[in-house]
Amino acid sequence: MKQQKETPSKYFQDALSDFVYDAASGRAIRHLADTGYTTAQIVRQLDYPTPFAKVQHTVTRHLMESGILLHELPVPAAGFQIITLLPDVPEKLYRFLSEYVRQNGEEYSYVSCPFGIPGAPALGKSPRSALTGREAEYLEGIAWEPKIMYHRLNRRMLEISVQLAAEDREICFYFLKSGEMVKFALD
């Protein structure tokens, strides 16, 4: 098969396409993501028809650029003091973790997200999942890479991760200022 060579006009067309996309949809997508819309809700809100995958990519890139989603923690995980908890009711866990977020600040509090790893359970699809449809839709709207990523523990993700921690003991919470990692005892 003959490989086509990229031409200067192809580069120009791609750049123009990216510019038009950003002008037509990109800014609106970032704004809607900042106001709490899920990727699926954003697709429904746009005046300009945009494929889900393109909106998902834009939302994910925006979360990465704003520090809400990280490829890796800014400090080595090896230096964290480990706090191991027994599985508990979500309400108690939420209060416990909320206090850690309050002490460290939201921008220094993260949860591990193994959702893109091959073989990881489908997001919110297990029979015992306590996620609401909107919570599962939020997670499905992120283009997870096939490795553990880290999501800032904002209010939405704290609520989601507490529910997921009841299903998956592999989820860990990281508090960068205090240097503590909260994980769950395996049964």
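Trainee: How much of the chain, with its 187 residues, is buried?

Mentor: Buried residues make up 43% of the 187 residues in the chain. Buried means under 20% relative accessible area, exposed means over 50%, and partly exposed lies in between, with a 1.4 Å probe and protein chains only. This is a predicted model, in which local features need pLDDT of at least 70 and side-chain atom pairs count only at pLDDT 80 or more, while totals for chains, interfaces and linings use all residues. Residues are numbered from 1 along each chain as its sequence is written, and side-chain values use heavy atoms, with hydrogens and water left out.

Trainee: How many helices and strands does the chain have?

Mentor: The chain has six helices and six strands. Helices (H or I, at least four residues) and strands (E, at least two) are DSSP runs, numbered from the N terminus. Read from the N terminus on, the order of elements is α-α-α-β-β-α-β-α-β-α-β-β.

Trainee: And what share of the contacts join residues at least 24 apart?

Mentor: Contact means heavy atoms within 4.5 Å. Among contacts between residues at least 6 apart in sequence, 72% join residues at least 24 apart.

Trainee: Let us take a helix. Which residues of α6 are buried?

Mentor: They are M157, L158, I160, S161, V162, L164, A165 and E167. An α-helix has 3.6 residues a turn, so residues three or four places apart point the same way.

Trainee: What do those buried residues of α6 pack against?

Mentor: Two helices and four strands are involved: α4 (90-104) and α5 (133-140), together with β3 (109-113), β4 (149-152), β5 (173-175) and β6 (180-184).

Trainee: How far apart are the end C-alpha atoms of α6?

Mentor: They are 19 Å apart, which agrees with the 18 Å that 13 residues (155-167) should span at 1.5 Å a residue. The expected span of a helix is 1.5 Å times one less than its number of residues. Helix α3 also agrees, because its 14 residues should span 20 Å and its end C-alpha atoms are 20 Å apart.

Trainee: Which residues are buried in α3?

Mentor: In α3, the buried residues are V55, Q56, T58, V59, T60, H62 and L63. After α3 comes G67, with a positive phi near 80 degrees.

Trainee: What about F52 in α3, and which residues is F52 in contact with?

Mentor: F52 is found in helix α3 and counts as partly exposed because its relative accessible area is 36%. Leaving aside neighbours within four places in sequence, F52 is in contact with T39, A40, V43, E140 and G141. F52 and A40 are 12 residues apart along the chain, and their C-alpha atoms are separated by 7.1 Å.

Trainee: Is T39 buried or exposed?

Mentor: T39 is buried, because its relative accessible area is 3%. T39 belongs to helix α2 (residues 39-45). Not counting residues up to four places away in sequence, T39 touches F52, V55, Q56, V59 and G141.

Trainee: Back to α3: what does M64 touch?

Mentor: M64, in helix α3, touches L69, L70, H71 and M149, not counting residues up to four places away in sequence. M64 is partly exposed, with a relative accessible area of 23%. M64 and Y150 are 86 residues apart in sequence, yet 9.9 Å apart in space, C-alpha to C-alpha.

Trainee: New topic. What is the volume of the largest pocket?

Mentor: Its volume is about 190 Å³. Of the 13 residues that line the largest pocket, A33, G36, Y138, N154 and R156 are the closest to its centre. On a 1 Å grid over the protein atoms alone, a cavity is a set of points where a 1.4 Å probe fits but cannot get out, whereas a pocket is an open set with protein on both sides within 12 Å along at least five of seven lines; lining residues have an atom within 4 Å of a point. Grid points are joined across faces, edges and corners, and a volume is the space filled by probe spheres set on the points.

Trainee: Which helices each supply at least two residues of that lining?

Mentor: They are α1 (8-34) and α3 (52-65).

Trainee: Finally, how many disulfides are there?

Mentor: The count is zero, where a disulfide is a pair of cysteine sulfur atoms within 2.5 Å. C113 counts as buried at 1% relative accessibility, and C172 counts as buried at 11%.
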